[in-house]
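Here are a few exercises to work through with the model open beside you. Try each task on your own before you read the solution.

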Amino acid sequence: MIARIPTGTAERGLRETLFDALAASETVGVAVCDREFRYLLWNRFMEEMTGLPAAAVLGRNALEIYPHLREERLEPVLRRVLDGETVSLPDRRYVVPGVRSGWIWVQYWPHRDGDGAVAGVVGIVHDVTERKRAEEENERLAAFPRESPNPVLECDGDGRVVYANPAAVRLAAELGTRIEAALPGAGHADLVRGALASNAAVRGVEAPIAGRVLSWSYHPHRPLGVVHLFAEDVTARRAMEERLRHEALHDPLTGLPNRRLLMERLSAALDRGRRRGGGTALLFLDLDRFKLVNDSLGHPVGDQLLAAVADRLRGAVRPADTVSRFGGDEFAVLLDGAPGADAALRTAETLQRALAAPVTLDGFEVFTSASIGVAVSGAQADGPEALLRGADAAMYRAKARGPGHCEPYDRALHARALARLRMETDLRRALDRGEVTAHYQPIVSLATGRVCGVEALARWRHPERGWVRPDEFVPAAEETGLILDLGRRVLAEACRHAGAWATAGSGGLHVSVNLSVKQLAQADLVEQVRRTLEESGMDPARLRLEVTESVLVADPAAAAATLNRLKELGLRVVMDDFGTGYSSLSALHRLPLDGLKVDRSFVAAMGQDGRAGQVVASVLALARGLGLEVVAEGIERPDQLAGLRLLGCDAGQGFLFSPPADADALRDLLAADRRW
């Protein structure tokens with residue numbers, strides 16, 4: 001049925017202009033309006049397409065019904081039609097909410113009356129939805145990478161899979177499931193919507209399935225309203241990354257976690273302890289006498305021992321605990337959720353028992369033990385590094401007590417460690433600033449009572465603390481290796497002063513300088529001493545280097561060889577602190593000595609303990625028999641001096657004569673030419 005307004009002559013004009021068949025079409029829309037844009041005809045298709053019945057449209061102005069015609073600047077187009085033009089518009093999308101949607105193509109024709117005058121506009125609306133869908137389908141298929149060797153999917157705006165390329169179909173068959181199961185789970189639809197909304201690709205979204213790992217990339221095609229998903233199988237890459245991560249966090253020899261992984265777990269354990277109130281303990285182990293195994297049986301056997309120790313430590317702790325190898329012969333055990341220090345110490349005892357049984361390596365039975373330091377969270381500053389420092393410091397204290405000992409950490413130990421560190425730092429600065437200088441204690445000939453020599457001693461005047469005791473800073477220098485620099489400075493300063501004294505008329509004075517074990521082990525020591533003597537102008541015959549019996553402990557043959565090379569320079573070698581070591585008599589025939597010094601402990605007991613006097617007399621008799629000169633140290637009382645003279649001691653030094661003095665004070669003492 002055709003709905004229209006009867007107009008008499010106008011009706012006849014319409015009949016002449018339009019075919020009734022076209023007007024009655026259900027696939028082509030026809031709308032006619034007069035010059036005032038009032039609708040005169042509205043066919044069935046227009047009703048269905050717009051959802052507006054003819055009764056609601058006829059007689060009304062098109063621009064009132066559809067205000068958007070003005071916004072879309074169609075009114076000028078309609079007026080062009082009234083001027084006699086025929087106008088076609090581009091395809092456009094239409095949507096009638098709840099009714100239908102699609103694409104239309106619109107043509108506007110002049111509507112002429114019987115006299116040929118333009119009486120209005122005829123709109124012909126063609127439904128081109130199917131054509132547009134076919135075009136979109138062709139465009140989508142052209143954009144879809146069907147032949148890609150990697151799986152590719154196309155998803156609509158809600159994340160539903162629309163297309164899958166052959167590679168994706170093969171992947172689903174290999175997995176034995178639908179391809180949707182290989183997508184990244186519940187967040188897939190949100191990823192699709194997010195990619196379309198931002199018009200930006202989303203990459204590297206991984207989805208594990210059936211022992212494999214797929215990495216999906218989302219690439220939006222906003223004009224089509226779809227997203228292409230590209231899949232890459234990264235299973236081998238992830239396995240390689242995991243293998244590299246394992247190697248980076250584990251010791252290759254024992255398979256144990258290394259320091260880095262232990263510190264990560266320790267940090268996490270401390271965090272849990274702070275949140276839940278539990279405790280954390282760290283045990284630090286150093287194998288006793290491991291170097292002996294390496295030196296005697298070789299490093300491969302040493303590696304076997306380390307692997308065996310690792311297995312025993314693993315078997316002696318809970319599954320939740322972590323056994324780690326720090327390197328060398330050092331291990332650490334993290335006790336997560338430890339109830340306290342007592343429980344940690346009991347675990348340490350368990351570890352000692354586990355290590356006590358012998359290990360058979362290449363036919364040798366090897367026994368081992370460990371020095372263990374224990375630190376418990378709360379006993380020192382929070383933080384993994386603080387706990388590690390505490391356990392390490394406690395381990396060194398245990399090692400000092402002997403093999404197989406265990407020591408807990410306490411604040412006093414921490415204070416001592418800080419004091420040592422502060423001492424080392426201050427000493428380094430002192431050497432750089434020249435705060436450490438040589439002082440000299442006179443050595444007096446007991447036959448003449450006159451000064452015959454001096455011993456150069458390092459003295460340190462701290463700018464804030466004042467004079468620092470030698471028994472505080474010399475051990476620190478030995479431990480840190482600063483003794484090498486300290487020894488060089490004292491030797492150079494003593495030789496320089498000796499050269500000046502010789503110029504001033506005290507050329508017969510000999511100078512004694514202490515030589516540490518570490519100095520003696522230097523490969524260039526002889527060259528250092530030779531160069532120092534040349535630069536100072538000192539007569540080598542006036543230099544005496546003092547060594548202790550400890551030089552025999554590490555390598556007696558090497559020590560003797562170095563001392564012989566030093567003596568070739570023309571200087572003399574003296575054994576210091578004679579009688580206090582376990583190898584005093586051995587040193588007399590193994591080292592190229594020119595003299596010895598009786599330790600102050602024997603001199604101090606003279607006159608109070610008859611046996612001390614007998615020991616000194618025996619030493620003097622032994623020295624005379626070997627042609628060695630003897631100097632007695634620590635003379636503080638006149639009776640000690642008298643007794644030593646009666647025994648025929650060659651020389652002596654001590655506070656009875658003079659405390660150590662700086663170079664200026666010694667110069668005044670020498671000028672006074674005092675006799676005792």
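**Exercise 1. Find the partner of D156 and decide whether D156 is buried or exposed.**

Step 1: the side chains of D156 and R160 meet in a salt bridge, at 3.1 Å from N to O. That term stands for a side-chain nitrogen of Lys or Arg within 4 Å of a carboxyl oxygen of Asp or Glu.

Step 2: D156 has a relative accessibility of 18%, so it counts as buried. The cut-offs are under 20% relative accessible area for buried, over 50% for exposed, and partly exposed in between, with a 1.4 Å probe and protein chains only.

Before you go on, a word on what you're looking at: this is a predicted model, where local features need pLDDT of at least 70, side-chain atom pairs count only at pLDDT 80 or more, and totals for chains, interfaces and linings use all residues. Residues are numbered from 1 along each chain as its sequence is written, and side-chain values use heavy atoms, with hydrogens and water left out.

**Exercise 2. Work out how K291 and D295 are placed in their helix, and whether they are buried or exposed.**

Step 1: both sit in helix α12 (residues 290–297), 4 residues apart, or about one turn of the helix. Helices here are DSSP runs (H or I, at least four residues), numbered from the N terminus.

Step 2: their side chains meet in a salt bridge at 2.6 Å, N to O.

Step 3: K291 is exposed, at 59% relative accessible area, and D295 is exposed too, at 54%.

**Exercise 3. Describe the pair R531 and E527 in the same way.**

Step 1: the salt bridge between these side chains spans 3.6 Å, N to O.

Step 2: R531 and E527 are about one helical turn from each other, because they lie 4 residues apart in helix α20 (residues 525–536).

Step 3: R531 is partly exposed, with 36% relative accessible area, and E527 is partly exposed at 33%.

**Exercise 4. How many salt bridges does a search of the whole structure find, and which residues are linked in a network?**

Step 1: the search finds 42 salt bridges.

Step 2: E455, E546, K597 and E633 are linked in a network of them.

Key:
Helix = DSSP H or I, 4+ residues; strand = E, 2+ residues; numbered from the N terminus.
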